[in-house]
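Work through the exercises below with the sequence and coordinates open. Each task is followed by a stepwise solution.

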Amino acid sequence: MDKKKILVLDGQNKNSLAVARSLFDKHFFIGVASSSPFSVTFSSRKVNKRHILHNVRNQKDYVKKVLEIAKEFRYDVIMPVGLESFLALSKYRSNLDSHTRNLLPPIESMKIASSKPETFKYARNLGIPVPVTCEFTKDNLLKLGSFFKEAQFAVVVKGSLGGVDNLRYCNTFTQLRKAIFYLFNYEEKLICQEYVVGAGHGFYCNYKKGKLDHFFMHKRIKEFPVTGGSSA
């Protein structure tokens, strides 16, 4: 019986390396796709096939190239790992469903999950406590005044999307001002949030038609930066 073939995307991510290793050990045929020939997952002995995505211009182009690989090499499953891949494949999922299986949420759900302001809004609507938060742009910096009526230093300033490069911790107005001017070089919208002291936890899950199917949760041993950020 032929092995099921899985195409793991985002070969440059360490998460993809872990996915490839785990699925290979379960006796699947593993293909990995990435835009860089130097992707960390390409160097693994637990990868059967390596695919380089050349000259990707936009989300639609990315999905087209992934689908071409999946059809040519007859992959049974396409598995996105990084945020951009999930956004692209969720948006154009109708192009994929007739060819391969995939684990993808609706694009409406991805838009909430990939946006910090939308995630906070969604949580508040469900009655889930969130830190005092203010979303602002260059044109409405005055919103910070009402924010500091509810919150005090320390605060966190971050971009609206994920990442550690667009994150700053501030204990004074001088630090806050420097952080805002710096981050506006790269972001159109920023978020200012009260700093919450405590341990960081990661929660990972898979839902089928709105019902929890599998989950995994852990307490973070290390984060980068150490003041709070991505799990390391």
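Contact means heavy atoms within 4.5 Å. Helices (H or I, at least four residues) and strands (E, at least two) are DSSP runs, numbered from the N terminus. Axes are lines fitted to C-alpha atoms, for helices over the stretch in contact, and angles run from 0 to 180 degrees between N-to-C directions.

The model is predicted: local features need pLDDT of at least 70, side-chain atom pairs count only at pLDDT 80 or more, and totals for chains, interfaces and linings use all residues. Residues are numbered from 1 along each chain as its sequence is written, and side-chain values use heavy atoms, with hydrogens and water left out.

**Exercise 1. Overall description**

Task: State how many helices and strands the protein has, and what box its C-alpha atoms fill.

Solution. Step 1: there are seven helices and 13 strands. Step 2: along the principal axes, the C-alpha atoms fill a box of roughly 65 × 35 × 30 Å. Step 3: 34% of the 232 residues count as buried, where buried means under 20% relative accessible area, exposed over 50%, and partly exposed in between (1.4 Å probe, protein chains only). Step 4: of the contacts with a separation of 6 or more, 49% are between residues 24 or more positions apart.

**Exercise 2. The five-stranded sheet**

Task: Give the strand order of the open sheet of five strands and determine which strands stand at the edges.

Solution. Step 1: two strands pair if DSSP finds at least two bridges between them. Step 2: the order is β3-β2-β1-β4-β5, and the pairing is parallel. Step 3: β3 and β5 each have a single partner strand, so one side of each is left without a neighbour in the sheet. Step 4: β2 and β3 are joined in the parallel sense by four bridges. Step 5: Gly31 has Lys49 in β3 as its bridge partner.

**Exercise 3. Helices on the sheet**

Task: Find which strands α1 touches, and which strands helix α2 lies across.

Solution. Step 1: α1 packs on the sheet and touches β1 (5-8), β2 and β4 (77-79). Step 2: the direction of α1 makes about 165° with that of β2. Step 3: helix α2 (residues 59-72) lies across β1, β3 and β4, and runs at about 160° to β1.

**Exercise 4. Packing of two helices**

Task: Classify the angle between α2 and α3.

Solution. Step 1: angles under 35 degrees count as roughly parallel, over 145 as roughly antiparallel, 65 to 115 as roughly perpendicular and the rest as oblique. Step 2: α2 and helix α3 (residues 83-91) pack at about 85°, and their axes are 9 Å apart. Step 3: α2 is therefore roughly perpendicular to α3. Step 4: the contact involves Gln59, Tyr62 and Val63 of α2, together with Glu84, Ser85, Leu87, Ala88, Leu89 and Lys91 of α3.

**Exercise 5. Salt bridges**

Task: Count the salt bridges, then compare the settings of the pairs Lys46 with Asp25 and Lys121 with Glu118.

Solution. Step 1: a salt bridge is a side-chain nitrogen of Lys or Arg within 4 Å of a carboxyl oxygen of Asp or Glu. Step 2: the count under this rule is six. Step 3: in the pair of Lys46 and Asp25, the closest N and O atoms are 3.0 Å apart. This pair links distant parts of the chain, 21 residues apart: Lys46 is in the loop between β2 (29-34) and β3 (49-52), and Asp25 is in helix α1 (residues 14-25). Lys46 is partly exposed at 29% relative accessible area, and Asp25 is partly exposed at 43%. Step 4: for Lys121 and Glu118, the closest N and O atoms are 3.4 Å apart. Lys121 and Glu118 are separated by about one helical turn because they are three residues apart in helix α5 (residues 116-125). Lys121 is partly exposed at 41%, as is Glu118 at 32%. Step 5: Lys208 and Asp213 also form a salt bridge, at 3.9 Å from N to O. Lys208 is exposed at 53%, whereas Asp213 is partly exposed at 32%.

**Exercise 6. Surroundings of Val155**

Task: Locate Val155, decide whether Val155 is buried or exposed, and list its contacts beyond four places in sequence.

Solution. Step 1: Val155 is part of strand β7 (residues 155-159). Step 2: the relative accessible area of Val155 is 0%, so Val155 is buried. Step 3: apart from neighbours within four places in sequence, Val155 contacts Phe147, Phe148, Arg168, Tyr169, Cys170, Leu176, Cys192, Gln193 and Tyr195. Step 4: Val155 and Asn171 are 16 residues apart in sequence, and their C-alpha atoms are 6.7 Å apart.
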